[in-house]
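Q: I have a model open on my screen and I'd like to learn how to read it. Can you walk me through it, feature by feature?

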Amino acid sequence: MKLFKNIKVAATFFLAASLLGSITTQAQGDDNTILGAGSTFVYPLFSKLFSVYHQKTKLQVNYQSIGSGGGILQLTNKTVDFGDSDAPLTDDQSKKMGADVLHIPMCAGAVSITYNLPGVNASLNFTPAVLANIFLGKIKTWNDASIVALNKGIKIPAFPIIIAHRTDGSGTTNIFTHYLSAVSPEWSSKVGSGGAVNWPAGLGGKGSEGVAGLIKQTPGTIGYVELAYAVQNKMPQAKIQNAKGQFVAPSVASTIAASNTKLPADSKAFIVNSATANAYPIAGFTWALIYKEQNYSNRSGARAQKLLQLLWWNIHEGQQYCQGLTYAPLSPSATKTAEAILKSATFNGKPILK
Amino acid sequence: MQQANYPQTFIAGKALNKSKSLKKSVAVRKSFSQIKFEKIFKSTLVLIALSVVIIVLAIFLTLVVQSLPSIKALGWKFLGGKTWDPVSNVFGAYPFLIGTLITSFLALIISVPFSFAIAIFLGEYYPKGWLSELLKNVIELIAAIPSVIYGFWGVFVLVPIVRDLETKLGILPYGIGIFTASLILAVMIVPYAASLGREVVRMVPSALKEGAYSLGATRFEVIKNVVIPYAKSGLFAGILLSLGRALGETMAVTMVIGNSPIIPTSIFSPGHTMASVIANEFTEAADSIYLSSLIEMGLLLFVVTVIINVIGKRIIKRFTNE
């Protein structure tokens, strides 16, 4: 009897505690703090942008770099004002959002192919087919005829090829696997594209630093990391043949060239394997995600206004900070598309920005 | 049992009530407030104890509810499936289950000789003195080091050594893989079995040991025939603690195991564990079945841990009954 009563007390206690918990998670903070969550890929840029914006306007932006998937989930649960993803929403994800979501391109980034080949410091050349065959596990040694033929004049040692890839889901993997799917029908049918895929071969490292660690330590390893990461760590970067037939090294300039294409009206486009001259073929956008109708969960009009102004600033004045952090700023045509998308956001059906 | 104290206090209270002096009524009030305090104290204890049970149940329920979409979509294929393909929504936990079990048990096999040796050395040979204190503290320190540091040590020190070994053996020199992960785990779990083992070895009654000595037994014979049989349930409980730690270890393992969801062909091949895949892929798992499969992986790890614990408890019980 006594125990039963105690259990009842405990149950009431937990009910109360869980109620309290659910109330606090509903709260959105004050109107002078905008909440965001998502991509880790764009985090260095965002933290710079938001700190500059804070100095200018005193608006606090709290951005958690928990990964694109986490950002999408938090936006679905309406616990943040904006998400950020390195891939457009899939149909399944859009359906779960329950309302129209706008994709606003923030900047573009490139993915570098990097390697550790003792005795080779030069930048190696790869064609899309050779790259796909390496990652499919079909080319097994560095002195394979197809690699040697592309790199005349470089003495390539007879090392076994070890592949290093990201084991955690990431936007970097998403861009790279989209590229491989675009250039290799075999990759597209066997593996496909996504933030995490079923790799046919190789070792997984956690995070860019994990992949970079594998590459630096293991002779004969090839892998991929973000351009910024490869530059900061002075890793060798391969030149990749683009759709025009040029071998292009990853850089901010070659990424801008890749992103300088006509975007569809909703901006949901991959820019891999670009046919533009001097474009680096493995590149992609990162998108901020917001609800088209901003009046939800008792949000104030002022809050929606502040969010839209912040994103507007990001795609205009904010773009000057991209280059220094090795991101590619939006091309003029991409900025136009982004402007049109931002202007389509509404509060109670009325446009927020004029 | 617990209420045995009340009648006495009440009788004392009644007796005190009869006399009317102020001093005594204060005492009465005091004794009543003491009774009240006792009650509050007891119910607080019950509440806290129960909350632990409720939290464990709640975790289990959350895992079950959240993994329902994946259970519905994949059924038993989740357990036996050998492919983990987030793109086409095919999720098989088998390679991860195998990876977790192999690394944990291999680590256990490597670590048990060390932890038993330490337990006997510190419990029987040098129970006191500066050397014993030093050893004891160092071993406890092993348990206190954060696992990410073991991971770093593994990547920068152990992996190159294993790679050299693999080159000599003529295997593809990855350096990382199941063997390296097991070595790291073995170091990490030594203190659990060693500390508990040391305590139980020290608790062996000296009368028993002296009896054996007086019969002419050597020190080794005493350890073999008296100390170990007496302490074996405690020693086994220590192994169980170590195993529990090895099963759930995430960070250090994920840094050196290679993270490839394949069925390992040798102990040098790369592998993957349940805890690593959850930690690695949770952040970007945006698709509902994908996320749910990762949670089901957590459920599986929970169940595996419970099963191993239950079996272990059974074995300990049998040891003690003999």
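A: Sure, let's start with an inventory of chain A: its secondary structure comes to 13 helices and 13 strands. Keep in mind that this is a predicted model. The C-alpha trace of chain A spans about 75 × 65 × 40 Å along its principal axes.

Q: How much of chain A is buried?

A: To call a residue buried, you count neighbours: 20 or more other C-beta atoms within 10 Å of its own. In chain A, 48% of the 354 residues are buried. You can also ask how far apart in sequence the contacting residues sit. Taking the contacts in chain A with a separation of 6 or more, 72% are between residues 24 or more positions apart.

Q: Let's take one helix. What length does α2 of chain A reach, and what would be expected?

A: The idea is to compare the end-to-end reach with a rise of 1.5 Å a residue. Helix α2(A) covers residues 43–57, 15 residues in total, and goes 20 Å from first C-alpha to last, close to the expected 21 Å. Right after α2(A) comes Lys58(A), which has a positive phi, near 65°.

Q: Which residues of α2(A) are buried, and which are exposed on the other side?

A: Look down the helix axis and see where each group points. The buried ones are Leu45(A), Phe46(A), Leu49(A), Phe50(A) and Tyr53(A). They fall within an arc of 115° seen down the axis of α2(A), so they line one face of the helix. On the other side you'll find Ser51(A), His54(A) and Gln55(A) exposed.

Q: What do the buried residues of α2(A) pack against?

A: Two strands and a helix of chain A: β2 (60–64), β4 (101–116) and α12 (301–315).

Q: Now chain B. How do I read a pair of helices there, say α4 and α7?

A: Check the distance between the axes, the angle and the handedness. The axes of α4(B) (residues 94–125) and α7(B) (residues 178–202) come within 6 Å and cross at roughly 35°. The crossing is right-handed. Their contact has 21 nonpolar, 7 polar and 3 charged residues.

Q: And how many residues are in contact between the two chains?

A: The size of an interface is often given as the accessible area lost when the parts come together. Here we count residues instead: 32 of chain B are in contact with 36 of chain A. Among the elements giving two or more residues to chain B's side are α6 (147–169) and α11 (274–281). The largest share, 6 residues, comes from α2(B). By class, that side of chain B has 16 nonpolar, 12 polar and 4 charged residues.

Note on methods:
Residues are numbered from 1 along each chain as its sequence is written. Chains are lettered from A and ligands numbered from 1 in the order in which they are written. This is a predicted model: local features need pLDDT of at least 70, side-chain atom pairs count only at pLDDT 80 or more; totals for chains, interfaces and linings use all residues. Two residues are in contact if their C-beta atoms, placed from the backbone, lie within 7 Å. Helices (H or I, at least four residues) and strands (E, at least two) are DSSP runs, numbered from the N terminus. Ala, Val, Leu, Ile, Met, Phe, Trp, Tyr, Cys and Pro count as nonpolar, Asp, Glu, Lys and Arg as charged, and the others, Gly among them, as polar. The expected span of a helix is 1.5 Å times one less than its number of residues. A residue is buried if 20 or more other C-beta atoms lie within 10 Å of its own, exposed if 12 or fewer, and partly exposed in between; C-beta atoms are placed from the backbone. The arc is that of the directions from the helix axis to the C-beta atoms. Axes are lines fitted to C-alpha atoms, for helices over the stretch in contact, and angles run from 0 to 180 degrees between N-to-C directions. A crossing is left-handed if the near helix is turned anticlockwise from the far one by less than a right angle, and right-handed if clockwise.
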